[in-house]
Amino acid sequence: MPDYLNKNLFSVLKHTDIWIAVYQKLSASSGSMTPGADGKTIDGITLKKICKIQERVLKGTFKWGKTRRVYIPKLKGGLRPLGISLIADRLVQGVLKSILEAIYEPSFLNTSHGFRPGRSQHSALRTIRKNFSGIIWKIEGDISKCFDTISHSKLLELIKLRVDDTKFLNLISRGLKSRVLLPEGIVLKHAEGTPQGSLLSPLLSNIYLHQLDIFISEKKLSYDLGVRRKNSLEYNRALRKLGNATYVRASGLTKTDPIDPN
């Protein structure tokens, strides 16, 4: 239900099963063996330590750590920044993600493919191949810097439309105010954007960009008119003259009118 207001989400954090499930998922990822700013990796986490992290979150004493910034080479040259969170932070991020995904995934549009379970650039390409055969024009937008410029206050306003739980929202809000440890030892504080490298960032970005998806889908309705385009007069004339549809199509003409206003 896209309009349902979820309450008492913080109480879900009391269930240890969800913490263990997130730990198991993290432990299966090779990236979890990459140390954070404190030098710790997933193999140093025990059930006792998981329960202590859970306890600190529930008591409100949990503090988000620094994200270690590293740079990896791009295929086409240059370097790409990569953020590595503390293992404890990744665990908390994973728990928050699993709860928020259950709320938001059912309401995201089918046209959204990025950073979603069971979806990828491949599912997007399949959709394009199936549904976009008749397009004449498209709108292209550059959101490559989206993660870096998202407004924290606007994002939290959007989440509040679906979540009514102060403690839960405060935990997310504190996590957004990330501190980044650069290789040279300098610590940066970010007042906007979702934390680079956070397990939660892609989902938070999708919550933000969902508004754009809705806007475009509504705008599309005002352009989608009629059932099919009318036949092209130029195509029909050329067909009568040349007598062969293959020759006509080779000349660049289409059977229907590409700019039919109806």
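**Exercise 1. Decide whether Phe115 is buried or exposed, and describe its backbone and place.**

Phe115 has a relative accessible area of 58%, so it is exposed. The classes are buried under 20% relative accessible area, exposed over 50% and partly exposed in between, with a 1.4 Å probe and protein chains only. Next, the backbone: phi of Phe115 is positive, about 55 degrees, although the residue is not a glycine. Last, the place: Phe115 lies in the loop between α3 (87–104) and α4 (121–131). Helices (H or I, at least four residues) and strands (E, at least two) are DSSP runs, numbered from the N terminus.

The model is predicted: local features need pLDDT of at least 70, side-chain atom pairs count only at pLDDT 80 or more, and totals for chains, interfaces and linings use all residues. Residues are numbered from 1 along each chain as its sequence is written, and side-chain values use heavy atoms, with hydrogens and water left out.

**Exercise 2. Carry out the same steps for Asn8.**

Asn8 has 57% relative accessibility and therefore counts as exposed. Its phi is near 55 degrees, a positive value in a residue other than glycine. Asn8 sits in the loop between β1 (6–7) and α1 (16–27).

**Exercise 3. State how many aromatic pairs the structure has, then classify Phe62 with Trp64 and Tyr104 with Phe108.**

A search of the whole structure gives three aromatic pairs. Rings of Phe, Tyr and Trp (its six-membered ring) pair if their centres lie within 6.5 Å; planes under 30 degrees apart count as stacked, over 60 as edge-to-face and the rest as tilted.

- Phe62 and Trp64: the ring centres are 5.2 Å apart and the planes stand at 80 degrees, so the pair is edge-to-face. Phe62 is buried at 3% relative accessibility, and Trp64 is buried at 13%.
- Tyr104 and Phe108: the centres are 6.2 Å apart and the planes stand at 25 degrees, so this pair is stacked. Tyr104 is buried, with a relative accessible area of 5%, and Phe108 is buried at 7%.

**Exercise 4. Count the helices and strands, and compare the radius of gyration with the globule rule.**

The protein has ten helices and six strands. Its radius of gyration is 25 Å, well over the 18 Å that the globule rule gives for 262 residues, so the protein is more spread out than a compact globule. The radius is taken over C-alpha atoms, and the rule is 2.2 Å times the number of residues to the power 0.38. Along the principal axes, the C-alpha atoms fill a box of roughly 80 × 45 × 30 Å. Of the 262 residues, 34% count as buried.
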